[in-house]
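Got the viewer open? Let's take a walk through this model, one selection after another.

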Amino acid sequence: MDIISPDSAHLAHSCAGQGGFRMAYAFDAIEKKWQQYWEEHGVFNVEADPSLQKFYCLEMFPYPSGALHMGHLRNYSIGDMLARFLRMKGFNVLHPMGYDAFGLPAENAAIKYGTHPNKWTWDNIEHMTTQLKRMGCSYDWRRRVETCNPDYYRWTQWLFLQFYHKGLAYRKKAPVNWCESCKTVLANEQVINEGHCWRCGTSVIKRNLEQWFLRITDYAQELLDSLDDLPGWPERVKLMQRNWIGRSEGVRLSFCVEGHDISIETFTTRIDTIYGVTFLALAPEHPAVLELASLSENGEKIRNFAAECAQANESERTIAGTAKRGVDTGLSAVHPVTGERVPIWVANYILMEYGTGAIMGVPAHDQRDFEFARTYGIPVRVVINPPDGTSLDGDTMDAAYEQDGIQCNSGQFDGLPTRDALSRMAIWFEENGWGKREVNYRLRDWLISRQRYWGAPIPVVYCESCGVVPIPEKDLPVELPIDVKMKKGGNPLDEVEEWIATTCPSCGGPARRETDTMDTFICSSWYFLRFTSPWTQEGPFRKEDAAYWMPVDQYIGGIEHACLHLIYARFFTKFLADLGLVEVREPFTNLLTQGMVIKDGAKMSKSKGNVVDPDEIINTYGADTARLFILFASPPEKDLDWSDQGVEGAHRFLHRVWRLVEEHLGDLRKAPRVPCSMENLQKPHTRDLKRIIHSTIQRVTRDIEEERQFNTAVARLMELSNALSNFSPENEKDWSVFREGVQTLIVCLTPIAPHISEELWDMLGNEGFVSSENWPSPDESALVEDEMTVVLQVNGKVRQEFKMPADISPDEMRERILADPATKRRLDGKDVVKVITVPGKLVNVVVRN
RNA sequence: GGGGAAGUGGCGGAAUGGUAGACGCGCUGGCCUCAGGAGCCAGUGUCCGUAAGGAUGUGGGGGUUCGAAUCCCCCCUUCCCCA
């Protein structure tokens with residue numbers, strides 16, 4: 001291979017800075033050059049090495065939608081900065097990239113532009129890879145994965161089979177979320193913003209279909225509990241997951257239907273209100289509804305009502321403002337404790353998915369039940385009074401009383417406070433055999449079937465004699481047929497008869513393939529593991545590689561995945577740990593959720609016309625400018641306000657750094673390379689510069705490493721750059737310190753703006769890549785100040801500054817300030833009550849007058 | 001309705017009990033220039049003042065403290081999550 005040494009690069013313009021000739025900052029050529037060198041030298045390739053401390057830095061991989069957008073640019077600028085920083089810190093850094101390449105947009109684009117999803121996707125992958133390389137991202141590109149590659153989805157299918165064999169993948173008929181626009185079902189997590197499809201925003205409806213599910217609820221408790229083991233996650237995300245999992249403790253109890261051999265199960269978290277039950281309500285989809293309808297005089301009405309409710313979407317039925325509607329079945333249930341008869345209703349606000357799909361109605365103490373009861377004239381019976389001693393009246397109250405209080409009308413429990421009643425009544429209930437204490441979760445099993453083409457086929461067949469038969473592992477992958485006709489509004493796989501028709505792996509008889517494909521969130525639930533050994537053909541990943549690299553030390557992505565990808569990936573990791581394939585039970589140790597990129601007060605979007613194209617920014621200003629601006633404009637967790645003028649400011653800064661080196665290149669190259677120690681420096685200005693250099697190192701390191709606040713890290717580098725610009729070296733020691741400062745600036749700028757850093761590093765005559773340099777440590781002796789500024793305060797208000805030697809004692813500091821004529825003038829005629837001395841900072845004189 | 005996060009110059013943002021506004025953008029004046037939207041120098045919270053200096057100032061109100069953007073209580077506004 002013909003390798004150009006990076007050293008030869010500077011020869012071409014070694015005349016710069018020596019005559020009148022000025023070399024401009026040609027970012028375009030510089031960036032191309034160094035990207036090529038990095039690639040040729042494999043600078044960012046990495047292997048597992050147990051003798052080195054590893055760091056796994058990962059950014060959420062993109063969907064190959066066509067081109068990078070500003071959100072990607074921000075995500076990858078942050079990740080690359082961290083990866084480069086940690087590499088310079090001496091870690092063995094795994095920093096890979098890939099593509100979440102299955103998904104609906106490929107099909108939509110194919111239909112719209114008459115192309116094939118496969119071609120569309122692969123073209124986009126190649127284009128986006130080019131873009132990522134243009135950003136100067138330090139990925140080990142040999143490890144790239146694409147989830148639509150049979151080498152990858154073979155293992156996605158293999159993982160499905162593992163779930164299946166453990167009984168964690170199952171088929172069931174259930175009312176499921178259906179997006180009419182995407183023509184497919186959706187998991188609960190993928191229904192957002194009060195009942196809308198996460199991808200296209202269409203209002204989701206319910207359909208009763210037989211589908212594949214993963215039993216994520218088996219892991220609900222662990223998914224909840226181990227959030228406590230994630231101190232490196234934002235509280236916000238953990239809270240969102242806790243809410244999503246929605247653990248509640250309560251009692252499951254049955255009500256018998258009077259005169260029939262039917263019982264209706266309900267679940268309540270408020271067993272303390274059992275004496276307040278005045279009706280029972282069932283979800284319209286409840287399996288018992290049709291049976292009750294057949295027994296009821298209102299049968300026709302009930303069936304019509306249930307059919308009508310099925311059309312409405314969930315959010316319309318549950319949001320607080322919606323009218324509560326229902327139909328009386330005319331039948332009664334028997335109260336398990338009192339033996340009283342309570343009417344049974346079918347109501348639109350009861351959801352089949354939550355609890356048992358039926359509730360005990362307690363209008364006095366549940367606002368939804370209250371509204372329903374008032375609408376239909378159902379009695380309201382108070383069983384809890386406020387703790388202040390007032391008594392509620394069920395006939396006149398205008399809202400449910402949902403707070404804690406004191407039990408009443410509750411037999412032997414009267415007088416108990418709510419909290420006590422809850423636990424005692426639950427035990428009492430169980431002891432009498434009326435019900436069972438139970439933990440309930442809001443989290444539902446994960447619906448993974450998709451009625452779409454561009455996804456990983458679910459590896460099962462349906463055999464007339466054997467039923468559902470999984471494909472044997474040795475026959476994987478079940479390849480997605482590429483030769484299909486794309487069509488509007490359906491799954492093209494349904495028409496590939498030669499693919500569907502197959503033989504049963506079990507009996508050899510005729511069988512038909514499953515034509516549904518897997519939710520793409522399955523594909524992205526384990527990609528971080530594949531990156532540890534993407535080449536292996538022996539399994540989804542090599543166990544020893546995963547053991548070395550996992551967990552991901554730093555994960556970076558958008559908060560929109562809080563209750564989607566981030567829950568699924570945790571679930572997969574726990575399942576794989578149970579299979580003995582990974583040693584960790586949590587995949588991501590530290591999570592950074594970056595803010596959105598906004599412009600003119602709104603999220604960038606085509607419809608708002610406020611989109612800034614990354615390519616255009618890189619063409620005009622270069623990747624280094626784009627990265628610098630993104631990191632400087634805002635702390636990573638907050639939204640970033642895009643500003644064209646801010647970008648120019650960032651570009652100007654890089655120009656200033658460039659000139660700093662270029663204008664002094666001849667002298668800099670001649671300057672001593674060994675730093676001059678503080679004790680050998682006498683000139684105050686030189687000592688000051690030396691101090692600034694080392695405090696910059698200290699503060700930049702802390703900002704990146706501990707605070708994860710990259711905007712202030714950049715600000716520190718700008719301060720150093722300003723200090724260097726204002727410094728005029730006069731002798732050899734000055735030049736030595738100046739060179740130390742310039743080199744420090746370049747090294748510390750490397751993770752942020754790597755190309756210009758490489759170029760300047762090279763121009764100064766250094767060997768090798770600055771990307772492979774060690775991150776500097778501050779020289780403690782250079783951090784000590786000679787002089788300090790102390791402030792005089794009078795009653796806490798700043799009055800005057802004093803300069804004094806840094807090593808002065810607190811007592812002397814106080815005495816000097818108090819003895820100063822200016823201080824005496826200020827305190828003249830005032831009563832000094834007290835003097836507070838804060839060493840190194842201030843003296844506060846408290847006076848009275 | 002419940003929970004969470006936030007509110008600081010003209011703008012993006014610094015400062016987590018000790019000199020509010022680092023750094024950058026913008027703006028003003030000047031230098032350089034054929035010219036400049038390049039570069040350099042100076043200034044830039046508000047009010048009074050030529051200045052020195054003073055007053056005031058971190059959404060509003062109260063409190064703790066020698067001292068509060070920072071801690072506590074109440075209120076207002078915005079955003080997010082859950083109902």
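Start by selecting strand 1 (residues 54-59) together with strand 24 (residues 552-558): the two run parallel and are joined by three bridges. This is a predicted model, so keep that in mind as you click around. Which residue of strand 24 stands opposite Leu58? Show the side chains and you'll find Tyr555 there.

Now add strand 25 (residues 588-594) to your selection. Strand 24 pairs with strand 25 as well, in the parallel sense, and this time over six bridges. Zoom in on Gly558 and look across to strand 25, where Gln594 is its bridge partner. Then bring back everything around strand 24: six of its seven residues are buried, so the rest of the structure largely encloses this strand.

Time to zoom out and show the whole of chain A. You're looking at 27 helices and 32 strands, and the C-alpha trace spans about 105 × 90 × 50 Å along its principal axes. How much of chain A is buried? Of its 849 residues, 42% are. Take the contacts between residues at least 6 apart in sequence, and 70% of them join residues at least 24 apart.

Next, give each domain its own colour. Chain A is divided into domain 1 (155-215 + 445-521), domain 2 (248-440), domain 3 (645-782) and domain 4 (787-848). Notice that domain 1 is written as two stretches of sequence. If you measure between the C-alpha centres of domain 2 and domain 3, you should get 71 Å.

Stay with domain 1 for a moment and pick strand 3 (residues 169-179) and strand 4. These run antiparallel, with three bridges between them. Asn177 has Leu186 in strand 4 as its bridge partner. Add strands 7 and 17 and you have an open sheet of four strands, in the order 4-3-7-17, with antiparallel pairing. At its edges sit strand 4 (184-186) and strand 17 (446-447), each pairing on one side only.

Now for the inside. In soluble globular proteins, nonpolar side chains tend to be buried together. Here, the largest nonpolar core has 168 residues, and Leu628 and Leu745 have the most contacts inside it. Helix 2 (residues 70-88) is the top contributor to this core, giving 10 residues. Why does the core lie between domain 1 and domain 3? Because both of those domains give residues to it.

Centre the view on Leu745. Leaving aside residues up to four places away in sequence, Leu745 touches Val657, Leu717, Leu720, Ser721 and Leu724. There is also a second, separate core, this one of 50 residues; select Ala306, Leu331, Val346 and Leu422, which are among them.

Last stop: RNA strand B. There are 42 residues around this strand, and the ones that come nearest are Gln645, Gly649, Ala715, Thr789 and Gly796. Which element gives the largest share of the surface near RNA strand B? Select helix 20, which supplies seven residues. Other elements giving two or more residues include helix 7 (235-245), helix 23 (710-725) and strand 29 (787-794). Finally, colour this surface by class, and you should see 13 nonpolar, 16 polar and 13 charged residues.

Note on methods. Residues are numbered from 1 along each chain as its sequence is written. Chains are lettered from A and ligands numbered from 1 in the order in which they are written. This is a predicted model: local features need pLDDT of at least 70, side-chain atom pairs count only at pLDDT 80 or more; totals for chains, interfaces and linings use all residues. A nonpolar core is a set of buried Ala, Val, Leu, Ile, Met, Phe, Trp, Tyr and Cys residues joined through C-beta atoms within 7 Å. A residue is buried if 20 or more other C-beta atoms lie within 10 Å of its own, exposed if 12 or fewer, and partly exposed in between; C-beta atoms are placed from the backbone. Domain bounds come from an automatic or database domain assignment. Two residues are in contact if their C-beta atoms, placed from the backbone, lie within 7 Å. Two strands pair if DSSP finds at least two bridges between them. A residue is near a molecule or strand if its C-beta atom, placed from the backbone, lies within 6 Å of it. Ala, Val, Leu, Ile, Met, Phe, Trp, Tyr, Cys and Pro count as nonpolar, Asp, Glu, Lys and Arg as charged, and the others, Gly among them, as polar.
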